[in-house]
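Please open the model in your viewer and keep the sequence panel beside it, since the stops below are given as selections to make one after another.

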Amino acid sequence: GLANLSEKSITLPHMQALASLHVRFKIHDGYDAGDEDPRKPSEKLTAEKLEMLDSAVIDPNDELTSAQKDQVRQLLARRINAFALNPKSPSHTHLVEVELPLNPGVVPVGV
């Protein structure tokens, strides 16, 4: 979580980015191995989940080829249940670990 440890109020503009993560990767996902259904994962989604997938911004800097964009889209479709349909009511998981190195002198705060 993000915590303001000072006793002063801080105001951030609406939709202000607080962090950015840039990753280069190659998609390797054997999730559908053995699946006899010839449809793409995105073709198997409910209308509600397809709408959520369609709202995802994939490659805003236009660095990927069309085939790579489709790979990302299909990966998101296969893992669509990892995303909350209602962001105000997300599900919870214990399956993700994140390590964030802190600057010297910074004290982590639990949320």
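Begin by selecting Leu50, Leu53 and Asp54 in helix 1 together with Arg73, Leu76 and Ala77 in helix 2, because this is where the two helices meet. The model you are looking at is a predicted one. Two packed helices are described by the angle between their axes and the distance between the axes. Here the axes of helix 1 and helix 2 come within 10 Å and cross at roughly 140 degrees, and since angles over 145 degrees would count as roughly antiparallel, helix 1 and helix 2 are described as oblique to each other. If you turn the view to look through one helix onto the other, the crossing of helix 1 past helix 2 is right-handed.

Next, select the whole of helix 2, residues 66-78. With 13 residues at 1.5 Å a residue, helix 2 should span 18 Å, and its end C-alpha atoms are indeed 18 Å apart, so the expected and the modelled lengths agree. Within helix 2, colour Val72, Gln74, Ala77 and Arg78, which are buried; the buried residues of helix 2 pack against helix 1, residues 47-55.

Now centre on glutamine 74, which lies in helix 2. Is glutamine 74 buried or exposed? Its relative accessibility is 6%, which is under the 20% limit, and glutamine 74 therefore counts as buried. Leaving aside neighbours within four places in sequence, glutamine 74 is in contact with Lys40, Pro41 and Ser42. Display the backbone here as well, as the backbone nitrogen of serine 42 lies 3.0 Å from a polar atom of the glutamine 74 side chain.

From there, move to lysine 40, whose place is in the segment before helix 1. With a relative accessible area of 40%, lysine 40 is partly exposed. Not counting residues up to four places away in sequence, lysine 40 touches Asp70 and Gln74, and its side chain makes a polar contact of 3.1 Å with the side chain of aspartate 70. To see how the chain comes back on itself here, draw a distance between lysine 40 and arginine 78: the two are 38 residues apart in sequence, yet 9.2 Å apart in space, C-alpha to C-alpha.

Then select the loop between helix 1 and helix 2, where aspartate 59 and aspartate 62 are both found. Which values does phi take at these two positions? Phi of aspartate 59 is near 60 degrees and phi of aspartate 62 is near 55 degrees, in each case a positive value in a residue other than glycine. Their surroundings can be compared by accessibility: at 15%, aspartate 59 counts as buried, whereas aspartate 62, at 56%, counts as exposed.

Finally, clear the selection and view the chain as a whole, which has two helices and zero strands. Buried residues make up 11% of the 111 residues in the chain, and those of helix 2 visited above, among them Val72 and Gln74, belong to that group. Among contacts between residues at least 6 apart in sequence, 59% join residues at least 24 apart; the contact of lysine 40 with Gln74 is one you have already displayed.

Definitions and conventions
Residues are numbered from 1 along each chain as its sequence is written. This is a predicted model: local features need pLDDT of at least 70, side-chain atom pairs count only at pLDDT 80 or more; totals for chains, interfaces and linings use all residues. Side-chain values use heavy atoms; hydrogens and water are left out. Helices (H or I, at least four residues) and strands (E, at least two) are DSSP runs, numbered from the N terminus. The expected span of a helix is 1.5 Å times one less than its number of residues. Buried means under 20% relative accessible area, exposed over 50%, partly exposed in between (1.4 Å probe, protein chains only). Contact means heavy atoms within 4.5 Å. A polar contact is a pair of N or O atoms within 3.5 Å; within protein, one must be able to donate a hydrogen and the other to accept it, and residues adjacent in sequence count only if both atoms are side-chain atoms. Axes are lines fitted to C-alpha atoms, for helices over the stretch in contact, and angles run from 0 to 180 degrees between N-to-C directions. Angles under 35 degrees count as roughly parallel, over 145 as roughly antiparallel, 65 to 115 as roughly perpendicular and the rest as oblique. A crossing is left-handed if the near helix is turned anticlockwise from the far one by less than a right angle, and right-handed if clockwise.
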